[in-house]
Amino acid sequence: MDTSGLSIQTVAWDEAAEALSALRRRVFVQEQGVPETLEWDGLDAGASHFLAQADGEPVGCARLLADGHIGRMAVLKPWRGRGIGTALLQAVLAACHARGHGLAFLNAQTAALDFYRRLGFHAVGGEFMDAGIPHLRMERAMENLAQHLNHAHGIAGKLRFVDAAPGLPVAEITLPQASARIAVNGAQVLEWAPAGQQPVIWVSRAAVYQPGKGVRGGVPVCWPWFGAGEGGKPAHGFVRTRLWQVRQTGPGPADTVFLRLGFTNDESTRALWNHAFDLELVVSVGAALKMELVTRNTGAEPFTLTDGLHTYFRVGDIGKTRVLGLEDTAYLDKVQGMKECRQRGAVTFNGETDRVYLDTEADCIIDDAALGRKIRIAKSGSRSSVVWNPWSEKEKGFADMAEGEYRDMLCVETTNAATDSVVVPPGGEHRLVAFVGVE
Ligand code: TA6
C-alpha cells in the first residue's frame with residue numbers, strides 16, 4: 001500500500017467513540033458475528049485507542065488497556081493486506097514501550113497467529129473460545145523489560161536484571177557469600193554458587209534461551225502437574241514457559257537477598273486447567289539456596305495438584321556420585337514402567353535412572369566424590385523426591401543437551417509427584433520448599 005495517505009492517531013474514547021464504534025461494529029459484529037453485548041465491555045472509556053485513517057477515512061483501530069492488554073484490532077475488509085494492521089500494532093507497541101510496560105499481551109483469533117508472530121508475539125497456554133471464535137493468548141516481552149525491572153526492583157550492588165536474550169530478563173544476584181541467576185521466564189533458577197564453590201546448579205551448554213521455552217537445566221517449576229500432561233498438554237505443567245511477574249525484591253536474614261515472582265490464571269491457563277489460582281516462587285540467595293513455591297487457591301472449589309522443583313545439579317562425574325537419604329524407601333521406577341521397588345543402600349548410577357521415591361520427607365544428600373563435596377537438599381511440603389539421569393541414550397533425545405553432558409548432571413527433585421498429590425481448598429495454600437546447601 002502507498003501508506004503516504006495513512007495516519008495512525010492515539011485517541012481517547014470520548015473524542016473518537018463514533019468512528020471507533022463504527023469500525024468495530026462493521027468488523028466484529030457484522031462481519032464476525034460477535035454479539036454487541038460482548039463487544040462493548042465497559043473498558044473503552046479507560047483505554048487508549050489507536051485510529052488508522054486513509055486520506056482521512058477511518059479504516060482501522062486498536063485498543064490498549066492500562067495493564068498492557070492489546071485488543072480490538074480491526075481493519076476494514078477492503079483495506080486489508082496493505083500494512084495497516086502492522087502499522088497499528090507497531091503504534092501500540094511504541095505506546096507500550098513509552099509507558100514502561102514490560103509485557104504486551106493479547107488474545108489472538110487463531111487465524112491471525114502468524115500476523116502477531118511476525119511482530120514478536122508468541123502463543124502461550126491453551127486455545128479457548130471467545131465470542132464463539134477460537135483464540136490463543138500471545139505475549140511479547142518489551143525490549144526495555146530488563147531496564148524497567150531494574151528501575152522497579154534492582155538493588156544497587158546486589159541485584160540487577162539483564163536480558164539473557166531478547167525478551168528474557170534474568171535477575172543477577174552477586175553477594176560476598178554467593179551468586180545466582182534467576183530467569184523471570186518460568187521463574188527458573190539458572191545458577192547458584194556459594195563463594196569458593198563450583199556452580200551447584202547445572203545448565204546445558206546447548207540450552208535454548210527463547211521466550212515461551214524452558215531452559216534445559218536450572219530449576220524448572222513443575223506445576224500444576226508433575227510429569228506427562230494429559231491429552232497433549234505440556235509435560236510438567238504450563239508455568240515453566242510463561243513470563244512471571246516480578247513482585248518484590250529485598251534483603252533477607254543473614255545478608256541474603258530474595259526475589260518474589262508471581263503468576264496468576266488467565267484464559268489461556270483455564271483452557272489447560274480450569275481453576276483460579278495465584279502462584280508465587282520466593283527465591284532466597286545466600287550461602288544456602290531456599291526456593292519456596294506457594295500455591296493459593298483463589299477459586300470457590302478445591303483443586304488437586306502435583307508439583308515439583310525440578311532441580312538439575314552439577315556433579316563431577318555421575319559414575320562417581322551417590323545419593324544418600326533414600327535408603328529403604330519405596331519408589332516407582334519409570335525405566336521399568338513405574339514398577340514398585342525399594343531402595344537398597346545409596347542410589348548409584350550406571351545407566352538411565354528415573355525414580356519417584358514415595359512417602360519420604362528425608363533430606364537427600366548428593367555425595368559427589370569427583371568434586372569432593374556433598375550437596376544437601378532439605379525440604380518441606382513435599383512427600384516425594386525424584387532422582388533422574390538420562391544417561392547416554394536418552395540424552396540423545398534432547399536437542400538441548402550436548403553429547404556426554406549426562407555425566408556432569410543429576411536431578412534430585414523436590415516434589416509431590418505420582419500418587420503423592422496435594423488438595424488445596426478454596427482460600428487455602430500449599431507451600432513446597434527446597435533448601436539447598438553445600439557441605
Ligand atoms: O523428573 C524426571 C522427568 O520427568 C524425566 O522423566 C524427564 O522427562 C525429565 O523429567 C525431563 O523432562 P522435560 O519435560 O523437562 O524434558
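This text leads through a predicted model, from a sheet and the helix lying across it to the ligand site and two backbone features.

The sheet is open and has seven strands, arranged in the order β1-β2-β3-β4-β5-β7-β6 with mixed pairing. Its edges are formed by β1, residues 6-12, and β6, residues 122-130. Each of these two strands has a single partner, so one side of each is left without a neighbour in the sheet. On average, and with direction ignored, neighbouring strands of this sheet are turned by 25° against each other.

At one of these edges, β6 pairs with β7, which covers residues 133-141. The pairing is antiparallel and extends over six bridges. A particular residue pair can be followed here: Val 124 has Arg 137 in β7 as its bridge partner.

Helix α3, residues 84-98, lies across several strands, namely β1, β2 (48-54), β3 (57-64), β4 (69-75), β5 (103-109) and β7. Relative to β4, the helix runs at about 160°.

The ligand site comes next. Around the ligand stand Arg 216, Phe 226, Ala 235, His 236, Arg 240, His 310, Lys 334, Asp 354, Val 386, Trp 388, Phe 398 and Glu 413. Sorted by class, this shell comprises five nonpolar, two polar and five charged residues.

Which side chains place polar atoms close enough to an oxygen atom of the ligand to count as polar contacts, with a cut-off of 3.5 Å? Arg 240 is one of them, with a side-chain N or O atom 2.7 Å from a ligand oxygen. Lys 334 also has a polar side-chain atom at 2.6 Å from an oxygen atom of the ligand. For Asp 354, the distance between a side-chain N or O atom and an oxygen atom of the ligand is 2.6 Å. The ligand exposes 390 Å² when taken alone, and the protein buries 85% of that area.

Two features of the backbone complete the account. The peptide bond joining Trp 223 and Pro 224 is cis, with omega at about 5°. Pro 224 is placed in the loop between β12, residues 221-222, and β13, residues 245-251. On the other side of β13, the loop between that strand and β14 (257-264) contains Asp 255. The phi angle of Asp 255 is near 60°, which is a positive value in a residue other than glycine.

Terms used
Residues numbered from 1 in each chain as written. Predicted model: local features only at pLDDT ≥ 70, side-chain atom pairs only at ≥ 80, totals over all residues. Heavy atoms only, no water. Pairing = 2+ DSSP bridges. Helix = DSSP H or I, 4+ residues; strand = E, 2+ residues; numbered from the N terminus. Axes fitted to C-alpha atoms, helices over the stretch in contact; angles between N-to-C directions. Contact = heavy atoms within 4.5 Å. Near = heavy atom within 4 Å. Polar contact = N/O pair within 3.5 Å; in protein donor to acceptor, adjacent residues only side chain to side chain. Areas by Shrake-Rupley, 256 points an atom, 1.4 Å probe, with all protein chains shown as cover. Nonpolar A, V, L, I, M, F, W, Y, C, P; charged D, E, K, R; others polar.
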